[in-house]
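Here's a quick briefing to read with the model open beside you. It goes from one loop residue to a strand residue, then to the cores and a helix pair.

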2 protein chains.
Amino acid sequence: MKRNTWQREAVREALDGTEGFISAQALHSTLHASGSPIGLATVYRALGDLATTGEADSLQSPDGEALYRACSTTGHHHHLICRNCGSTVEIAADEVEAWAHRVAGEHGFTRAAHVVDVFGLCANCTRLVAAE
Amino acid sequence: MKRNTWQREAVREALDGTEGFISAQALHSTLHASGSPIGLATVYRALGDLATTGEADSLQSPDGEALYRACSTTGHHHHLICRNCGSTVEIAADEVEAWAHRVAGEHGFTRAAHVVDVFGLCANCTRLVAAE
DNA sequence: ATGGTTTTGACAATCATTATCAATAAGCGT
DNA sequence: ACGCTTATTGATAATGATTGTCAAAACCAT
């Protein structure tokens with residue numbers, strides 16, 4: 001049976017209160033900083049569970065870290081991520097949605113899950129870089 | 001200055017002779033199996049270089065491994081990857097291409113590089129899983 | 001409150017990747 | 001062809017994220 005513990009709640013809330021993606025390590029640090037004695041392993045487990053149940057999205061950062069994000073809607077959405085400052089913008093991707101399923105189907109694939117994330121430089125960072 | 005070594009050539013050729021994506025570790029094993037005494041660190045370096053110069057594509061597998069693939073054309077393309085057996089199908093993504101740039105532009109982003117990969121179960125593995 | 005079971009958490013183990021650094025070898029000028 | 005300078009190699013250690021272990025603690029139906 002699935003039990004409710006304050007730890008799981010803490011992780012869920014911490015994730016809800018976070019803008020954009022965050023790594024398990026960072027989330028653990030945040031919780032600790034807030035005075036929570038939650039264990040690192042527990043944070044990993046909770047995040048894994050949330051991702052499995054669809055309550056959180058997860059993706060791999062370019063340097064191999066797993067990043068998580070609270071997923072309010074059950075609906076699928078994608079992200080525009082600044083390579084420099086890490087800010088994210090949620091984007092709708094209906095066209096891509098349809099495309100992904102069609103292409104997967106054309107090749108006999110089932111259970112298609114797509115990873116569509118656009119990395120770039122946000123307006124702000126573009127300016128900063130140009131000023132160098 | 002950039003020097004040419006047989007090691008770099010070996011990695012390039014091994015990658016060319018590989019279907020689909022392969023991890024650095026796997027490529028190193030393959031090379032060793034072929035009798036090459038090349039070092040693991042060197043394989044990592046060579047792959048990193050190839051990815052930087054655009055001679056190879058790289059992506060992160062769902063479990064955090066970096067995967068590489070020889071990139072014959074300079075043209076951009078995407079992949080349909082079987083979660084189970086790892087086989088890949090190269091897919092055209094013109095629509096997505098245009099979409100990614102448009103969306104990035106709408107939010108003031110520049111230098112957009114997108115990661116569009118579809119993970120699923122190929123026809124074969126779908127059958128295997130169903131038979132369980 | 002009690003018991004059976006799940007969950008936790010400190011720590012060890014694992015695994016991919018990167019750093020270190022002495023030894024080697026590429027490519028240049030001669 | 002010969003050195004010489006310097007990039008590259010490779011064995012190994014270090015790192016860093018993630019997962020496994022397992023006894024102790026917490027949850028919940030009773």
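A:Ser36 is buried, with a relative accessible area of 14%. Keep in mind that this is a predicted model. The residue sits in the loop between α2 and α3 of chain A.

**A loop serine in chain A**
- The cut-off for buried is under 20% relative accessible area, so A:Ser36, at 14%, falls on the buried side.
- What does A:Ser36 touch, once neighbours within four places in sequence are left aside? The contacts are A:Trp6 and A:Leu31.
- A:Leu31 turns up again below, since it is listed among the residues with the most contacts inside the largest nonpolar core.

**A strand leucine in chain A**
- A:Leu67 belongs to strand β3 of chain A.
- With a relative accessibility of 16%, A:Leu67 counts as buried too.
- Skipping residues up to four places away in sequence, A:Leu67 touches A:Phe21, A:Ile22 and A:Ser23, along with A:Asp57, A:Ser58, A:Leu59 and A:Ser61.
- For a distance check, take A:Leu67 and A:Gly20: they're 47 residues apart in sequence, and their C-alpha atoms are 9.4 Å apart in space.

**The nonpolar cores**
- The largest nonpolar core has 16 residues, and those with the most contacts inside it are A:Val11, A:Leu15, A:Leu27, A:Leu31, A:Val43 and A:Leu47.
- Two or more residues each come from α1 (6-16), α2 (24-33), α3 (40-52) and β3 (66-70) of chain A.
- Apart from that core lies another, of 15 residues, with B:Val11, B:Ala24, B:Ala46 and B:Leu47 among them.
- Zooming in on A:Leu47, you'll find it touching A:Val11, A:Leu15, A:Ala24, A:Leu27 and A:Tyr68, again not counting residues up to four places away in sequence.
- As background, nonpolar side chains tend to be buried together in soluble globular proteins.

**A helix pair in chain B**
- How do α2 (residues 24-33) and α3 (residues 40-53) of chain B cross? Their axes come within 9 Å and cross at roughly 125°.
- That angle is over 115 but not over 145 degrees, so α2(B) and α3(B) are oblique to each other.
- α2(B) passes α3(B) in a right-handed crossing.
- On the α2(B) side, the contact is made by B:Ala24, B:Gln25, B:Leu27, B:His28 and B:Leu31, while α3(B) supplies B:Leu40, B:Val43, B:Tyr44 and B:Leu47.
- Sorted by type, the residues of this contact come out as 7 nonpolar, 2 polar and no charged.

Definitions and conventions. Residues are numbered from 1 along each chain as its sequence is written. Chains are lettered from A and ligands numbered from 1 in the order in which they are written. This is a predicted model: local features need pLDDT of at least 70, side-chain atom pairs count only at pLDDT 80 or more; totals for chains, interfaces and linings use all residues. Side-chain values use heavy atoms; hydrogens and water are left out. A nonpolar core is a set of buried Ala, Val, Leu, Ile, Met, Phe, Trp, Tyr and Cys residues joined through side-chain atoms within 4.5 Å. Buried means under 20% relative accessible area, exposed over 50%, partly exposed in between (1.4 Å probe, protein chains only). Helices (H or I, at least four residues) and strands (E, at least two) are DSSP runs, numbered from the N terminus. Contact means heavy atoms within 4.5 Å. Axes are lines fitted to C-alpha atoms, for helices over the stretch in contact, and angles run from 0 to 180 degrees between N-to-C directions. Angles under 35 degrees count as roughly parallel, over 145 as roughly antiparallel, 65 to 115 as roughly perpendicular and the rest as oblique. A crossing is left-handed if the near helix is turned anticlockwise from the far one by less than a right angle, and right-handed if clockwise. Ala, Val, Leu, Ile, Met, Phe, Trp, Tyr, Cys and Pro count as nonpolar, Asp, Glu, Lys and Arg as charged, and the others, Gly among them, as polar.
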